[in-house]
Structures are given as structure tokens and as C-alpha cells.
Amino acid sequence: MEETESLNLPDSQNPDYRCGTVALLGRPNVGKSTLMNRIIKAKVAIVTPKPQTTRHRILGIHTDEHAQIVFVDTPGIHKGEKQLNRNMVRVAYAAAEEADVLVIMQDVSKPLDRATRELITGFASGRLKQPRLHVLNKVDQVAGRSLLPRLAEVQQLDPDAVAYIPLSARRGEQVDSLLKELVARLPVAPAIYAADWFTDQSQRQLAAEYVREQVFLAMQQEIPFQTAVEIEAFGEDENGMSIEAAILVGSERHKPMVIGKGGERMKSIGTRARKGLETLFDCHIDLRLWVRVQPDWFDNPGRLQDLGLDG
Ligand SMILES: Nc1nc2c(ncn2[C@@H]2O[C@H](COP(=O)(O)OP(=O)(O)O)[C@@H](O)[C@H]2O)c(=O)[nH]1
Ligand SMILES: [Mg+2]
């Protein structure tokens, strides 16, 4: 996140050092962002119980003495009519094309539905030839014995995958096994990023995402999907950071819903986002928010480009 003075590359002397990219793929809400944050040990991708929380490709960089893994967190693969939805799905497939290893995630607390099967068989029989690992996430939600039939089913759908790993991203169980498998599949190559880089997102982008996370958490049903956050001013001095952000909503009637009675909801969104950002950046933050109506921004290619959501 912060630029170092000298490019502090890890273990540049080690001829066996490995470095490569891993695409995190799957349906919305299976836990892709949670897994990446867990491995990176910092919240670089926001997480909510709502699908479509992740809108663009986010890098999370894990570095240790043996390897550097550049995770590409992607929006979930889903169907949708709006331009925003189409862009998100395109972003996910583009990330898969460029990656060295594909991680295909599913949520074992839910039945293996048709969409998930299609996604698995799509990659299994598709033209991408990179090694595939299947992650069966949320094992904390199911009885151990129910995992075996599920594993067998996934193996049958994609017999050529290199590994099938049940884990809990939330609790961190078996995440180390995944890491070992991943490192073994990476090309031998020197690190690309300095050891203290966690993500490719700027502080501005992270600030916008932290605000959007709180909007998603505070709002019901379809409204969050019609919300975006734009940073309008960003300053930094010895006292900390000062940030001004506009919450964009798709229609006039959503405005009072975001603001809440007497401004309560907006205040709570601001407080929570600020606290999260203070932890992330480890400094004092002054955060100011307001709401702006911008009809149909999510279906407007020019506006999506302004917001970095053009895929
Ligand atoms: N019980 C449980 N919940 C999880 C786990 N991993 C993620 N979740 C929850 O699943 C929801 C979606 O997670 P998120 O990482 O945003 O999924 P994404 O859309 O695939 O990126 C959030 O409420 C997470 O807290 C897990 O291992 N166990
Ligand atoms: Mg996500």
C-alpha cells in the first residue's frame, strides 16, 4: 500500500523462489474475498453477506521467504442484464485467462446447484489449460461426513483438477494446505512486488470500498447494487487523512433510505467506515460523506468508466 524507498524485493538471491498469479473464481458469495483477506492478513477486499460485493479485479499480494503469490480476487460469475453485471463477469474471465493457477471456489453450506456445476464443467472442458484447484469453502457450516459425497461429486465433474481442498476461509482452517498446493504450482520466478505491498489499490480506492462496504451492510435488498462511492477529496498530513466521499444512488427515493431518520444511518455508515480505515492505515481519519442521486449510473458506460467499473 505504501511505497518503500528502496524496492525491497524479497529473497532476490534465491534461485528457487516462486512467483505467479492465482485467480479466485466462483459464484457470488462463496467467500473469495474472505479467503484472500485471510491469506494477505489485511482487509484489502470488502466482504458482505450480499452477492456482487466485489465489483472489479483486486490484487492481494502474499509474500514469504519461498514465494510471492499475487491473488486476483474477481467479481462473482453470475447472470445479469445491466451493463455493470456484464462488465463484472467479463472481468472474472479475463483474470482467469491471465493467471498461472485457477482456484475455483464453492460454498459447501449450500447444495451443489446447477450454476455451480456449469461453472466447474465450463472450466474443466474449456480452453484454459492452467492447473485448477477446487476450494470447498465454509466447512465450518457442515458436518464432516457430508463432505465426502460432495468431494466425490466435484472430482467427478472435474477429474483433472490438481487438488480439491475443503477449508474455512472465515476461521482460517486448512488455508495453509491451500497455500502449499498453490506455491507448488507457481513458476520459478523472482518476486514482482516489494515485500510490504499488499494490494494494487490506492488509498483512495480502499477508502471508497470501505464506505461502500458499510452502505451494503446497512441497506436492504436491491438498493446496495445501485450504489457506488466516489472520493471527491483526499488529503494527508501529519495529523492523518481527510477524506470526502459521495455515495451515489440510482434514484431520488433511495436518498432518504441511505441518510436514515435524522441522518442516523449515514452517521453510522461513516463511523464504521472510518474505524475500519483507521485500522487499515493506522492513522487518524476525518471522513465526510454525502449522498448524490445519479439515475442509472450502473447502466451508463461513460459513468462506469469514471468509476473504474468498465471492466
Ligand atoms: N461460515 C462461513 N462464512 C463464510 C466463510 N467465508 C466467507 N463467509 C461469508 O460469506 C459471505 C460472502 O463472503 P465474500 O468473501 O464476500 O464472498 P465473495 O462474494 O465470494 O467474495 C460473507 O458474509 C462472509 O463472511 C467461511 O469459511 N465460513
Ligand atoms: Mg468478493
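Here are four short exercises on the structure above, each with a worked solution.

Before you start, note that this is a predicted model, in which local features need pLDDT of at least 70, side-chain atom pairs count only at pLDDT 80 or more, and totals for chains, interfaces and linings use all residues. Residues are numbered from 1 along each chain as its sequence is written, while chains are lettered from A and ligands numbered from 1 in the order in which they are written.

**Exercise 1.** Find out what span helix α2 reaches and which of its residues are buried.

*Solution.* Start with the naming: helices (H or I, at least four residues) and strands (E, at least two) are DSSP runs, numbered from the N terminus. Helix α2 covers residues 83-98, which makes 16 residues. The expected span is 1.5 Å times one less than the number of residues, giving 22 Å here, and the 23 Å from first to last C-alpha is close to that. Next comes burial: a residue is buried if 20 or more other C-beta atoms (placed from the backbone) lie within 10 Å of its own, exposed if 12 or fewer, and partly exposed in between. By this rule Leu84, Asn87, Met88, Val91, Ala92, Ala95 and Ala96 are the buried residues of α2. Their cover includes β1, β3, β4 and α9.

**Exercise 2.** Work out how β5 pairs with β4, and how many residues of β5 are buried.

*Solution.* Two strands pair if DSSP finds at least two bridges between them. Strands β4 and β5 run parallel and are joined by six bridges. For one example, look at Met105, whose bridge partner in β5 is Val135. Finally, count the burial: in β5 (residues 132-137), five of the six residues are buried.

**Exercise 3.** Describe the surroundings of ligand 1.

*Solution.* A residue is near a molecule if its C-beta atom, placed from the backbone, lies within 6 Å of it. Around ligand 1 there are 21 residues, the closest being Gly31, Lys32, Ser33, Thr34 and Arg170. Helix α1 (residues 32-40) gives the largest share of this shell, three residues.

**Exercise 4.** Are Asp282 and Asp296 buried or exposed, and what is the sign of their phi?

*Solution.* Most residues other than glycine have a negative phi. Asp282, in the loop between α8 and β9, has a positive phi of about 55 degrees. Asp282 counts as exposed because it has 8 C-beta neighbours inside 10 Å. Asp296, in the loop between β9 and α9, also has a positive phi of about 55 degrees. With 12 C-beta neighbours inside 10 Å, Asp296 counts as exposed too.

Definitions and conventions:
Contact = placed C-beta atoms within 7 Å.
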